[in-house]
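Got your viewer open? Here is a short tour that says what to select at each stop and what you will find there.

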Amino acid sequence: MKQKQFRIISLLITVVMGAVVGFSVSIGNPALAVGVVLAGMAAMYNLKSRLEGVVEDERIHQVSQKASRITLQIVALGLALGGAFLIAMRDAYPGYIDLGFFMAYASCGVLVLYSLFYKYYNREYGG
């Protein structure tokens, strides 16, 4: 499959997924939303495996690693600061304290997951 065909089919899959997820949310059926997202991910994975002429080199992996690391840092910091702000402002915004705790716990979870993967890959590659 050529790159142009891949892009067109990927766009169509994404549009269909968005429409079905929107419909499932409107009727209150989360199982349909999860199912269509999983099916769409499987279809995209299958399409990508059939793609011809794509060569990934070391530079692409290095750029991806740097982008992922910066994204992780920004998301973890944003969740931690947002959560701390909402928890600290519990008197002014009492309805958002649960969201604040969720953000704080999510930040901790992301950092723990990062630490576990770091240890794993550090051992895997002889660090």
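## Stop one: two crossing helices

Select helix H3 (residues 58-88) together with H4: their axes come within 7 Å and cross at roughly 150°. Please keep in mind as you look around that this is a predicted model. Angles over 145 degrees count as roughly antiparallel, and H3 and H4 are therefore roughly antiparallel to each other. Turn the view until one helix lies in front of the other, and you can follow the left-handed crossing in which H3 passes H4.

Now show side chains where the two helices meet. On the H3 side, pick Arg69, Leu72, Ala76, Gly78, Leu79, Ala80, Gly82, Gly83, Leu86 and Ile87. Their partners in H4 are Leu99, Gly100, Phe101, Met103, Ala104, Ala106, Ser107, Val110, Leu111 and Tyr114. Colour the contact of H3 with H4 by class and you should get 14 nonpolar, five polar and one charged residues.

## Stop two: H1 against H2

Next, select helix H1 (residues 3-27) and helix H2 (residues 30-49). Their axes are 9 Å apart, and the packing angle is about 175°. That makes H1 roughly antiparallel to H2.

To see the contact, display Phe6, Ile9, Ser10, Ile13, Thr14, Met17, Val20, Val21, Phe23 and Ser24 from H1. Then add Leu32, Ala33, Val36, Val37, Gly40, Ala43, Met44, Leu47 and Lys48 from H2. By class, the contact of H1 with H2 divides into 14 nonpolar, four polar and one charged.

## Stop three: aromatic rings

How many aromatic pairs does the structure hold? There are six. Start with tyrosine 114 and tyrosine 118, whose ring centres are 6.1 Å apart with planes at 35°, so the pair is tilted. These two tyrosines are four residues apart in helix H4 (residues 97-124), which separates them by about one helical turn. Tyrosine 114, which you already selected among the H4 residues that meet H3, is partly exposed, with a relative accessible area of 32%.

Move on to tyrosine 120 and tyrosine 121. Here the ring centres are 4.9 Å apart and the planes stand at 75°, so this pair is edge-to-face. Is each ring's residue buried or exposed? Tyrosine 120 is partly exposed at 46% relative accessible area, and tyrosine 121 also counts as partly exposed, at 42%.

For the last view, keep Tyr120 and Tyr121 on screen and add Phe117 and Tyr125: these four residues form one aromatic cluster.

Note on methods:
Residues numbered from 1 in each chain as written. Predicted model: local features only at pLDDT ≥ 70, side-chain atom pairs only at ≥ 80, totals over all residues. Heavy atoms only, no water. Phe/Tyr/Trp six-rings, centres within 6.5 Å; stacked < 30°, edge-to-face > 60°. Buried < 20%, exposed > 50% of the residue type's maximum accessible area, 1.4 Å probe, protein only. Axes fitted to C-alpha atoms, helices over the stretch in contact; angles between N-to-C directions. Parallel < 35°, antiparallel > 145°, perpendicular 65-115°, else oblique. Left-handed = near helix turned anticlockwise from the far one by under 90°. Contact = heavy atoms within 4.5 Å. Nonpolar A, V, L, I, M, F, W, Y, C, P; charged D, E, K, R; others polar.
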